Amino acid sequence: MSKRAKYEMKPFTVLVEGNIGSGKTTFLNYFKKYENVCVMAEPIDMWRNCGGHNLLEYMYEDRERWGFTFQSYVQLTMLKQHTLKTRLPIKLMERSIYSARYCFVEKMHRDGILPSPSASVINEWFKWTIANVDTSVDLIIYLRTTPDVVYQRMQERNRKEEKTVSLTYLTEMHEMHENWLYHKTMFTCPAPVLVLNADLDKSVIAEEYERVEPHIFSNCL
Ligand code: DGT
């Protein structure tokens, strides 16, 4: 099969993962200059307006009340991203159905925010989805940070929904990402993982981006 025909079927799919505030959007923006890359930002705008409801805000205001609703919608919007077709040979996605399940749903369940029946419903949807829909991934870029750094960034960007997000929560979410993508002690990785030092300041991080470029483009030359 020619490479061209292969692209039309399935792009080389790269997930950009990392803690809240790790710089996923900056990373994606860097790759917008390439014509052969389809850059897909996280569907946060959809989470802020589901039939006029800001589910992200509701979730942070009352996690017990809205956790299930929010995660159900995250799972749907992520599935839409995974299945969105592109004619371009490379697809870069911000987050995925996997980090939603393995980091956020898992954490909510462990904290008792999502009771077992609710977590099971999400998990059954998740398992059915990844078994029956093509959500396959070729590479994961893990933007690795330290909690103090992302806490600082989160405060600086001052997103109104994130006012209640504490350093403790970011540290715990860091551990979830670490265990999944770095230590690989929790769940399976759907693709090989490339780790970047995302603590670096914006002024120098382009060098880190350049380091991963060959891994992203090598399959498409
Ligand atoms: P960046 O560019 O690395 O700074 O990315 P962020 O922080 O804009 O994007 P992300 O996905 O880490 O987080 C956006 C907000 O949405 C943040 O408050 C965490 C929240 N979020 C994202 N996915 C989930 C999820 O599956 N469950 C929960 N509870 N929150 C999520």
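1. The lining of the largest pocket in this predicted model draws at least two residues from each of α2, α3, α4, α5, α6, α8 (147-157) and α10 (202-217). In total, 38 residues line this pocket, and those that lie nearest its centre are G21, S22, G23, T25 and R157.

2. As for size and chemical character, the volume of the largest pocket comes to about 810 Å³, while its lining divides by class into 18 nonpolar, eight polar and twelve charged residues.

3. It is in this largest pocket that the ligand sits. The elements that contribute two or more residues to the shell around the ligand are α2 (24-30), α3 (44-48), α4 (55-61), α5 (63-83) and α6 (97-110); α8 and α10, by contrast, appear among the elements that each supply at least two residues of the pocket lining, but not among those that give two or more to the ligand shell.

4. The shell itself consists of 24 residues surrounding the ligand, the closest being E42, Y60, Q71, R95 and E162. Sorted by class, the residues of this shell comprise eleven nonpolar, six polar and seven charged.

5. Three polar contacts of the ligand deserve to be listed individually. One ligand oxygen atom lies 2.3 Å from an N or O atom in the side chain of E42, a residue that is also one of the closest to the ligand. At R159, an N or O atom of the side chain is 2.8 Å from an oxygen atom of the ligand, and at K24 the partner is instead a polar backbone atom, 2.8 Å from an oxygen atom of the ligand.

6. Regarding burial, the ligand taken alone exposes 620 Å², and the protein buries 97% of that area.

Terms used. Residues numbered from 1 in each chain as written. Predicted model: local features only at pLDDT ≥ 70, side-chain atom pairs only at ≥ 80, totals over all residues. Heavy atoms only, no water. Near = heavy atom within 4 Å. Polar contact = N/O pair within 3.5 Å; in protein donor to acceptor, adjacent residues only side chain to side chain. Areas by Shrake-Rupley, 256 points an atom, 1.4 Å probe, with all protein chains shown as cover. 1 Å grid on protein atoms, 1.4 Å probe; cavity = no way out; pocket = protein on both sides within 12 Å on 5 of 7 lines; lining within 4 Å. Sits in = over half its atoms within 2 Å of the grid points. Helix = DSSP H or I, 4+ residues; strand = E, 2+ residues; numbered from the N terminus. Nonpolar A, V, L, I, M, F, W, Y, C, P; charged D, E, K, R; others polar. Points joined across faces, edges and corners; volume = space filled by probe spheres on them.
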